[in-house]
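Subject: Handover of a structure and findings

Dear colleague,

Please find below the structure that I am handing over to you. My notes on what was found in it follow directly after.

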Amino acid sequence: MAETATAQRTVRFIITRQDKPDAAPYTEEFDIPYRSNMNVISALMEIQRNPVKADGTKTTPVVWESNCLEEVCGACSMVINGKPRQACSALIDKLEQPIRIAPMSTFPVVRDLVINRERMFQALKRVKAWIPIDGTYDLGPGPRMAETKRQWAYELSKCMTCGVCLEACPNVNDRSSFIGPAPISQVRLFNAHPTGEMNADERLDALMEDGGIEGCGNSQNCVRSCPKGIPLTTSIAAINRDTTKRLFRKWLTN
């Protein structure tokens with residue numbers, strides 16, 4: 001009897017859709033057969049297999065992005081019940097119903113739940129979020145990091161460029177050029193690297209320009225929303241200190 005009740009149970013989804021970047025958004029509702037331990041991605045897969053709305057009319061399959069399905073790649077970021085998060089780790093049993101799904105509004109929509117994250121990648125280019133080495137030949141093991149530094153640097157390296165922190169940050173919007181929390185944290189990561197620190201001043205200078213660290217309003221939404229638990233506000237505070245030191249050094253030496 002319990003199995004029959006479970007088989008007949010459905011979950012209502014209200015999904016914000018958009019046919020193309022310059023089209024107007026609209027919503028569609030779907031009733032998905034309930035299964036225990038299902039997540040939002042499995043529900044979207046069910047809609048993909050059978051794109052029928054709650055009123056029985058057929059529609060096109062909902063478009064979304066996913067890859068690893070274990071909260072590592074960051075591809076399936078979307079707004080679920082008003083909060084930006086990863087769809088693969090959003091369990092249906094723990095969500096208030098009906099479940100409302102929308103694309104992240106900080107980024108341009110490509111189609112439905114697919115967004116264009118180019119602003120994040122451009123930000124990483126701007127702050128040179130990489131270690132500039134010649135990889136054409138074996139360089140050997142390289143310099144070692146102190147264990148205490150390695151431990152917190154590893155936490156920063158968990159960033160998967162998912163965009164959730166930018167979506168949660170009130171200072172990242174159409175009226176602001178703020179670079180966002182993730183690139184600032186990556187500057188701290190690469191400036192801590194024994195090789196990367198050779199370019200530390202270049203990264204700090206990039207964050208001292210318009211749209212850099214001065215755009216942070218200390219709302220702390222980023223650290224609360226980060227799916228990997230990265231200490232973003234700690235990084236922002238550290239880089240704020242470093243840019244201040246850099247400013248005074250430039251002032252005293254020029």
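Two rings of Phe, Tyr or Trp, the six-membered ring being used for Trp, are taken as an aromatic pair if their centres lie within 6.5 Å. Please bear in mind that this is a predicted model. With that rule, a search of the whole structure gives 1 aromatic pair. Its members are F248 and W251, which meet edge-to-face, with 6.3 Å from centre to centre and 75° between the planes. The angle earns that label because planes over 60 degrees apart count as edge-to-face. Both residues belong to helix α9 (residues 232-253), where a spacing of 3 residues separates F248 and W251 by about one helical turn. F248 is partly exposed, at a relative accessible area of 46%, while W251 is exposed, at 60%.

Rings also take part in contacts with charged side chains. The charged end of R9 is placed over the ring of Y34, 3.9 Å from its centre. In a second contact, R188 lies over the face of W152, at 4.1 Å from the ring centre.

I turn next to enclosed space. Rolling a probe the size of a water molecule over the atoms shows where empty space is left. The count is 1 cavity of 30 Å³ or more. The largest cavity holds about 100 Å³ of space. It is lined by 14 residues, and those closest to its centre are C159, M160, C162, C165 and C226. By character, the lining of the largest cavity comprises 11 nonpolar residues, 2 polar and 1 charged.

Finally, there are some points of backbone geometry. Most residues other than glycine have a negative phi, and most peptide bonds are trans. The peptide bond from Q97 to P98, however, is cis, with omega near 5°. P98 is located in the loop between β4 (83-86) and β5 (99-102).

Which residues other than glycine have a positive phi? N37 is one of them, with phi near 65°, and D112 is another, with a phi of about 50°. N37 is part of the loop between β2 (26-33) and α2 (40-49), and D112 is part of the loop between β6 (109-111) and β7 (114-115). As for their surroundings, N37 is exposed, with a relative accessible area of 66%, whereas D112 is buried, with a relative accessible area of 0%.

Yours sincerely

Terms used. Residues are numbered from 1 along each chain as its sequence is written. This is a predicted model: local features need pLDDT of at least 70, side-chain atom pairs count only at pLDDT 80 or more; totals for chains, interfaces and linings use all residues. Side-chain values use heavy atoms; hydrogens and water are left out. Rings of Phe, Tyr and Trp (its six-membered ring) pair if their centres lie within 6.5 Å; planes under 30 degrees apart count as stacked, over 60 as edge-to-face and the rest as tilted. Helices (H or I, at least four residues) and strands (E, at least two) are DSSP runs, numbered from the N terminus. Buried means under 20% relative accessible area, exposed over 50%, partly exposed in between (1.4 Å probe, protein chains only). A charge sits over a ring if NZ of Lys or CZ of Arg is within 6 Å of the ring centre and within 35 degrees of the ring normal. On a 1 Å grid over the protein atoms alone, a cavity is a set of points where a 1.4 Å probe fits but cannot get out, and a pocket is an open set with protein on both sides within 12 Å along at least five of seven lines; lining residues have an atom within 4 Å of a point. Grid points are joined across faces, edges and corners, and a volume is the space filled by probe spheres set on the points. Ala, Val, Leu, Ile, Met, Phe, Trp, Tyr, Cys and Pro count as nonpolar, Asp, Glu, Lys and Arg as charged, and the others, Gly among them, as polar.
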